Structure formats: C-alpha cells, structure tokens
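I sat down with the model today and kept a short log as I went. Here it is, in case you want to follow along on your own screen.

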Amino acid sequence: MVVGFLSYYIISLISGSLASLKNAADRIRLGATDVEIDVNSTDEIGSVAASFRGVVNKTVMLSEVTKAIGEGRYDMDVEPQSEADVLSLSIRTMKENLRTNTTENANRNWVLTGVAELSNLIGGESTLDNVSKHALSYLCNYTDSEAGVLYLHNNTGKLEPAASYGVQQNRAQLPVFEVGTGTVGQAVQERKVKVLEGVQEEYLRIRTGLSDIEPATVIIMPLYFGNTIVGALELASRTPYTEVQRRLLDSASERISVLIHTLKAHLQTQELLYETQNQAEELETQQEELRQLNAELKASEEELRVNQEELQEKN
C-alpha cells in the first residue's frame, strides 16, 4: 500500500515537472521571455530545469541586446557561452558592424553637411575679403578651432593674410610668408598638410601667423587649384584634430580653392572689361575731338578760300 502510494507520488511529481518544462519549452519556442520554471529538484529533471532557465536568461539577454540595437544603441555587451554559441557570436558581429556603419555614416554626413553649408555661405560672395572672412569663421566654428588665418597668394608671389579669427593682431600685423619659408610657406611649396602637435606659444609667434593661444595643435592646409597656388589655411585648436575633421578640412580646402580661383579670374575679367571700356570711351572722346578739329580745319580752309577769291576780284 505504501509502496503504491510512493510510486504514485513520484510519478505525479515527475509528470508535473515534465508538464511544467513542456509548457516552458512551448512558450520559449513562441518567443516568450517572461518564462518562469518552478522546478528546483536536485535530480536529472532539476538539472534539465536549470538548463531551461539558462536558455531563458540567454533569450532575455539577447532580446534586450537586439532591442537596443533596433533603437540605435550599441553599448550592450554580448557574451557568447562558448565558441559553439553561433547565435551570440553572430549578434555580436552584427552589432559591431552596425555600430561601425552608423559611425561612418554619421561622420560622412557631418563632412558633407559642413562642405554644403560652407558652399552656400560663400558661394554668393563677390569679394575676396568676404569669402576669406566667412570661410575662415565658419571652419573655426565647425571644427571647434580657437584661432585661424587664411592666406592668399598675391600678385608679388607671397602668402598674405586675407582673414584672421581668434587672434589679437589685425590683418596688417600678421606675418607675410614667402613660398617655401616658415611652416606655412613650406606647406604650400611641398603641397603637403602640416600638423604640429603641442605647439608652444613662442613657436607660433615665430613660425606661423598664430600667437595668442596656449600650447595647441596647428594644422596648415595648402590651397591649390590644379597647379596654381591659391593660398593656405592655418587653424589651431587646444585638442588634436580628428581624422573626420581632417577629412572635412581636405574637402573644404578644395572648395575654397575653387571658389577663390574662380572669383579671382572673374574679378580680373571685370577689371579688364572696365579698362577696355574706359579705353573705348577715351578713344571715342579722342575721335570726337578729331572730328571737331577736322570740322574747324575745313571751316578755316573755306574761309581762306573765300578770302582769296575776294582778294582776286579786287585785283
């Protein structure tokens, strides 16, 4: 009697545990994550229940990770249980790839936005002073640079400051560089970007156009249109320039070079047209004066002829 009762009791416990595990397995199969397994025995069934709880915990963890990824958050860790944990390894790889792609897209958009805004800002300007001033101010603000100088290659072959930002000296007090002299001139001559790290104030005063900021990073971008020297862009920041900021400055330098070169050519053409127009007006004035002189000469000749005829008649 007792043996039969114990057998029935054990079978009931086993059946109940198996039913609980089956129900949990069915819910896990359907994607549920709030699964509770109330089997805590120390036998084989309890071991199976512990494994089920591990599966549930892993499912919850992976669902939280995928939810975060869907919301654009990639800071949650994925810990694979082993090298055979293909699902966790795949989700971790996917998360890292998405984070990399998202970062690259954000950086690309930042660069494209900066260049587009710069182009819109200076594209309608009609003077070199305004182009230089607005371009330098925009780039200093967009790249968080504390100071900057924009040099233009003048008619004497020198690099002359056209605009400054964040420095105390006015434009006339800033140094003018020969191509090949000083760091600015060397950058232009070599057609290479110069990056100076941890630059001391005294060095800035001697070698560059910047002298009013603490030890800094200085970047000098040569400006060229084809093989024609346009000038140089010099910026300084208290923090090193990132790779993305340098990409922006590369693209912005090209845009500035094209615009300044084009504007210079346009201004030179306008000046030539103005000179030609003045010469044409002067020529027209001279021709009118010549016509008047010819008319006066003809009148004088006619008067002389009449006088001669009168004199002959008297004789």
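The entries below cover strands, aromatic rings and one threonine.

**Entry 1: the strands.** A reminder to myself before anything else: this is a predicted model. I began with strand β1 (residues 147-153) and strand β2 (residues 158-165), which run antiparallel and are joined by 6 bridges. I looked up Leu152 and found that its bridge partner in β2 is Glu160. The two strands make a hairpin, with 4 residues between them. In the turn I noted Gly157, whose phi is positive, about 85°.

Next I asked myself how many bridges join β2 to strand β3. I found 2, and these strands also run antiparallel, with β3 covering residues 177-178. Here Leu159 stands opposite Phe177, so I kept Phe177 in mind for the rings.

**Entry 2: the aromatic rings.** I count 3 aromatic pairs in the structure. One of them is Tyr138 with Tyr142, a stacked pair at 5.3 Å centre to centre, with 15° between the planes. Where do Tyr138 and Tyr142 sit relative to each other in helix α4? They are 4 residues apart in that helix (residues 128-142), which means about one helical turn separates them. Tyr138 has 15% relative accessibility, so I put it down as buried. Tyr142 is buried too, with a relative accessible area of 18%; the cut-off I used for buried is under 20%.

Another pair is Tyr151 with Phe177, and this one is edge-to-face: 5.7 Å centre to centre, 70° between the planes. It links distant parts of the chain, as Tyr151 belongs to strand β1 and Phe177 to strand β3, 26 residues apart. Are these two rings buried or exposed? I find both Tyr151 and Phe177 buried.

I also noted a cluster: Trp110 joins Tyr138 and Tyr142 in one aromatic group.

**Entry 3: a charge over a ring.** I then moved to Arg191. Its charged end sits over the ring of Tyr224, 3.9 Å from the ring centre.

**Entry 4: Thr217.** I found Thr217 in strand β5 (residues 216-225). Its relative accessible area is 3%, so I call Thr217 buried. What does the side chain of Thr217 make a polar contact with? I traced that contact to the side chain of Glu197, at 2.8 Å. Leaving out residues up to four places away in sequence, I listed what Thr217 touches: Val195, Leu196, Glu197 and Gly198 are among them, and so are Leu235, Ala236, Ser237, Thr239, Pro240 and Tyr241.

Methods. Residues are numbered from 1 along each chain as its sequence is written. This is a predicted model: local features need pLDDT of at least 70, side-chain atom pairs count only at pLDDT 80 or more; totals for chains, interfaces and linings use all residues. Side-chain values use heavy atoms; hydrogens and water are left out. Two strands pair if DSSP finds at least two bridges between them. Rings of Phe, Tyr and Trp (its six-membered ring) pair if their centres lie within 6.5 Å; planes under 30 degrees apart count as stacked, over 60 as edge-to-face and the rest as tilted. Buried means under 20% relative accessible area, exposed over 50%, partly exposed in between (1.4 Å probe, protein chains only). A charge sits over a ring if NZ of Lys or CZ of Arg is within 6 Å of the ring centre and within 35 degrees of the ring normal. A polar contact is a pair of N or O atoms within 3.5 Å; within protein, one must be able to donate a hydrogen and the other to accept it, and residues adjacent in sequence count only if both atoms are side-chain atoms. Contact means heavy atoms within 4.5 Å.
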